[in-house]
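Thank you for making time for this. I would like to take you through a few places in one model, and I will begin with a term before coming to the residues.

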Amino acid sequence: MSIIGTYMVPHPPLIVHEVGRGEENEISETRAAYMKVAQKIAALKPETIIITSPHATMYSDYFHISSGISADGDLGQFGADQVRFHAEYDVPLIEAVCTEADKAGLAAGTNGQKEPKLDHATMVPLYFINQFIQNEYKLVRIGLSGQSYKKHYLLGECIQRAVEKTGRRVVIVASGDLSHVLKADGPYGFRSEGPVYDERIMNVMGTGKFGGLFLFDPEFCEKAAECGHRSFIIMAGALDRTAVKVEKLSYEGPFGVGYGICVYTPEGCDERRNFLEQYEVQEKKKVAERKRNEDEFVALARATVEIYVRTRKVPKVAGGCVICDDDDFHGWHLSPELLSRRAGTFVSLKEDGSLRGCIGTISPTCGSLAEEIIHNAISASTQDPRFPEVEAEELSSIVYSVDVLGLTEKISSPKELDVKKYGVVVTKGYRRGLLLPALDSVDTVDEQINIACRKGGIDRSENPDLERFEVVRHY
């Protein structure tokens with residue numbers, strides 16, 4: 001068999017009557033839509049339900065698939081410990097998903113389970129489903145990760161292949177709330193990105209045009225405080241090349257958090273719905289155009305990373321040129337600024353809109369700006385502790401920027417900072433932290449200083465010394 005139904009649902013605990021105690025009536029449309037989804041699932045009589053959950057075990061570089069033969073859970077943390085769940089896992093299907101992920105080169109599996117109990121993003125959908133079917137299905141619970149949108153979609157494709165190979169009748173439930181910052185009096189406050197995100201995501205999901213999921217900048221999504229985006233992308237990947245009938249059932253957000261429910265009924269093959277491939281074609285065109293227009297600072301960073309990742313050889317600066325003992329590399333003459341100037345630099349790498357590495361120096365450590373860029377480009381691609389080393393197959397999709405730092409100057413107050421114009425250095429004793437200016441995810445001076453303090457292992461209450469600096473950013 002194959003995937004017989006897919007659903008986008010939220011997971012607010014208060015929608016459960018025993019938790020909401022009447023407050024769930026404020027989202028009556030969502031509750032009614034949820035009941036309709038549960039009835040649809042029951043009518044399909046699935047052998048297995050796959051739930052993708054933002055609140056299952058999550059790693060930055062690994063997709064965790066819940067292990068064992070079964071799991072239990074309850075809503076005790078929300079004041080309703082009498083609402084309990086037991087689920088038997090579909091072990092053969094879990095193994096099949098892991099096998100397909102391994103073939104695809106994805107970091108995914110059952111290792112590293114931190115919490116075996118069912119999470120609320122899994123239990124809320126089961127609360128409704130179990131009102132119509134009980135003990136008649138097996139469960140597969142899959143967590144999200146900090147990896148790119150592309151890899152979430154690829155995991156969905158692995159799920160599709162695993163389902164086909166095991167012959168299961170499978171329903172997929174993509175559990176995920178939308179923005180958490182819709183209202184000033186909501187639990188998370190208001191940000192302008194919140195309503196914008198919800199309108200855009202409901203347009204994409206309400207039409208089934210899943211290619212639009214790739215067009216959300218990850219930093220924008222972070223500001224919108226959404227939790228379901230990657231869950232929806234996994235589901236979209238599981239429907240790759242599949243025609244679907246789309247039903248947009250409901251959208252509400254009275255408590256400051258967005259709740260959307262949509263139904264996708266598979267209706268056979270449709271080769272035109274290969275959304276990841278289409279996205280990659282467009283991205284390659286954009287990268288090629290960007291490469292044609294990049295200046296010599298970025299060209300040097302790109303060439304350095306591409307050579308080093310492929311050959312482990314380091315470009316050298318000699319005779320006014322950048323050279324390398326590599327048949328595929330053709331050196332070029334460097335400008336006087338790159339040859340004679342010395343300055344601290346930061347080299348940043350992004351992939352699919354997400355940071356892929358960033359390493360730099362506050363003050364110069366090499367004999368020239370060119371050598372500084374070469375050194376930091378290699379470090380950013382191989383030594384950033386937040387990320388694994390860049391691999392050769394990623395090189396065609398990486399976007400580079402180079403920040404050249406001006407001299408730092410001491411300041412006496414945060415009032416002398418401007419997040420768009422100045423970077424900040426915080427110092428306390430031997431500890432030091434830095435944050436660049438004009439970062440999309442940083443809006444206030446307080447945020448800027450706090451992040452710099454965290455990077456330097458400094459408590460803000462220690463009143464660290466402040467310095468500011470300007471940068472010239474090259475794209």
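When I speak of helices and strands, I mean DSSP runs, of at least four residues for a helix and at least two for a strand, numbered from the N terminus. Please keep in mind throughout that this is a predicted model.

With that in place, let me start at glutamate 294, which sits in the loop between α9, residues 275-293, and α10. Is glutamate 294 buried or exposed? Its relative accessible area is 14%, and because buried means under 20%, glutamate 294 counts as buried. Its side chain makes a polar contact, at 3.2 Å, with the side chain of arginine 302. Leaving aside residues up to four places away in sequence, glutamate 294 touches Ala299, Arg302 and Tyr475.

That brings us to α10 itself, which covers residues 296-311. At its start, a side-chain oxygen of aspartate 295 comes to within 3.1 Å of the backbone nitrogen of phenylalanine 297. The helix has 16 residues and spans 22 Å from its first C-alpha to its last, close to the 22 Å expected at 1.5 Å a residue. It is mostly covered, with 13 of the 16 residues buried.

α10 also matters for the description of a pocket. Which element gives the most to the lining of the second largest pocket? It is α10, with 7 residues, while the lining as a whole is made up of 14 residues, of which Lys291, Ala303, Glu306, Ile307 and Phe329 lie nearest the centre of the pocket. The space in this second largest pocket comes to about 290 Å³.

Just after α10, arginine 312 takes a positive phi of about 65°, and this is a residue other than glycine. Arginine 312 belongs to the loop between α10 and β11, residues 316-318, and at 42% relative accessibility it is partly exposed. Lysine 45 can be set beside it, since its phi, near 50°, is likewise a positive value in a residue other than glycine. Lysine 45 is located in the loop between α2, residues 28-44, and β2, residues 48-53, and with a relative accessibility of 65% it counts as exposed.

A positive phi also appears just after α6, where glycine 208 has a value of about 75°. Helix α6 runs over residues 193-207, and its 15 residues reach 21 Å from first C-alpha to last, close to the 21 Å expected at 1.5 Å a residue. Which residues of α6 are buried? They are Glu193, Gly194, Tyr197, Asp198, Ile201, Met202, Val204 and Met205. Viewed down the axis of α6, these buried residues fall within an arc of 165°, so they line one face of the helix. They pack against β1 (3-9), α7 (218-224), α8 (229-238), β9 (242-252) and β10 (259-269).

I will finish with histidine 330, in the loop between β12, residues 321-323, and β13, residues 332-333. Histidine 330 has a relative accessible area of 64% and is exposed. Between its C-alpha atom and that of isoleucine 411, which is 81 residues away along the chain, the separation is 45 Å.

Definitions and conventions
Residues numbered from 1 in each chain as written. Predicted model: local features only at pLDDT ≥ 70, side-chain atom pairs only at ≥ 80, totals over all residues. Heavy atoms only, no water. Expected span 1.5 Å × (residues − 1). Buried < 20%, exposed > 50% of the residue type's maximum accessible area, 1.4 Å probe, protein only. Arc of directions from axis to C-beta. Contact = heavy atoms within 4.5 Å. Polar contact = N/O pair within 3.5 Å; in protein donor to acceptor, adjacent residues only side chain to side chain. 1 Å grid on protein atoms, 1.4 Å probe; cavity = no way out; pocket = protein on both sides within 12 Å on 5 of 7 lines; lining within 4 Å. Points joined across faces, edges and corners; volume = space filled by probe spheres on them.
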